[in-house]
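Biologist: Please take a close look at one part of this predicted model, the sheet, and work outwards from one of its inner strands to whatever packs around it. I would like one connected account rather than a list.

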Amino acid sequence: MSRPRLVLFGDSITQFGFGELAGSGYGWISRLSSTYSRRADVLSRGFSGYNTRHALDILPSVLTDCGAGTGGGRVLFYTLWFGANDAALPGTRQHVPAEEYAANIKKMVGLIRSAHNDASTPVPPIVLITPPPVFQPKWEECCKTYGREKSDRTNEASRQYGLAMQNVGKELECETLDTWTLLGGDAPGYELYLTDGLHLSEEGNKAVYEGLMALVEDKFPNLAPMTEGEGHYGEVGVPLCEKLW
């Protein structure tokens, strides 16, 4: 019997979700994989530098690669985490206007749902994740190491793209994890959640993991790890695979 899967599709914050960056510690995907160990396979499909235009181009192949709708195993839920690159300032190569960004997210949700239309299992939930805050002084230091004179991102732009993502979530009835607010927004000290001003620090990874798990446990308790009955004999949640010894 095939194990169920989680499919995590996003940009560098997903690609580096196992904690590869200096200062990122134990990544949010590492934590998620540990939580679902022996319950579900966690498939990370993160692409550093990608915006939603790039993501739309490759999503069909990602869905095929992950076996969406083929009967190769149930997908418990998807995460869709783009926007940190789309929100780059106008005139930079990664920038995508907010209206197009929202339209691209809608198209991706539609593609994922369509891939599961003919499956015998229900269409999996899609959790939308907003761009996190940006700490401009630190990110500007990072940009200078790449030969750029100043930061190509602002915290306010990240907030605005997050609001666009939340509006899409409401329109399409997708749950949304607002990481801009979760990671402090513009409150004093929010930079502690970021390692280079854009990507997650150890504290940021932990907060995102806890926020995502809280959302799943609240909105989709049947998709959270089973905790009762030794994690196998309970009635609610994803059980441990195979018999217990």
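Modeller: In strand β4, Ile-126 and Leu-128 point one way while Val-127 and Ile-129 point the other way, and all four of these side chains are buried. Two of these residues also serve to place the strand among its neighbours, since Val-127 has Thr-79 standing opposite, and Ile-129 stands opposite Leu-177 in β5. The pairing of β3 with β4 is parallel and is made by three bridges, whereas β4 and β5, which also run parallel, are joined by two bridges.

Taken as a whole, the sheet is open and has five strands in the order β2-β1-β3-β4-β5, with parallel pairing. Because β2 (41-46) and β5 (176-177) stand at the edges and each has a single partner strand, one side of each is left without a neighbour in the sheet. At the β2 end, six bridges join β2 to the parallel strand β1, which spans residues 5-10, and within this pairing Leu-43 of β2 is the bridge partner of Val-7.

Two helices can now be added to this picture. Helix α3, residues 52-65, packs on the sheet by touching β1, β2 and β3 (75-81), and its direction makes about 165 degrees with that of β1. Helix α6, residues 155-172, packs on the sheet as well, touching β3, β4 (126-129) and β5, with a direction that makes about 160 degrees with that of β4.

The nonpolar cores remain to be described. The largest of them has 36 residues, of which Leu-6, Trp-28, Leu-32, Tyr-36, Leu-76 and Leu-200 touch the most other members. Strands β1, β3 and β4 each supply at least two residues of this core, as do the helices α2 (28-35), α5 (136-145) and α8 (202-219), and the largest share, seven residues, comes from α8. Leu-200 deserves a closer description: if residues up to four places away in sequence are not counted, its contacts include Ile-13, Ser-24, Trp-28, Trp-81 and Leu-183, and also Tyr-193, Leu-194, Thr-195, Asn-205 and Val-208. Apart from this largest core lies another one, of 31 residues, and among its members are Ala-55, Leu-80, Ala-102 and Ile-112.

Technical notes:
Residues numbered from 1 in each chain as written. Predicted model: local features only at pLDDT ≥ 70, side-chain atom pairs only at ≥ 80, totals over all residues. Heavy atoms only, no water. Pairing = 2+ DSSP bridges. Helix = DSSP H or I, 4+ residues; strand = E, 2+ residues; numbered from the N terminus. Contact = heavy atoms within 4.5 Å. Axes fitted to C-alpha atoms, helices over the stretch in contact; angles between N-to-C directions. Core = buried A, V, L, I, M, F, W, Y, C linked by side-chain atoms within 4.5 Å. Buried < 20%, exposed > 50% of the residue type's maximum accessible area, 1.4 Å probe, protein only.
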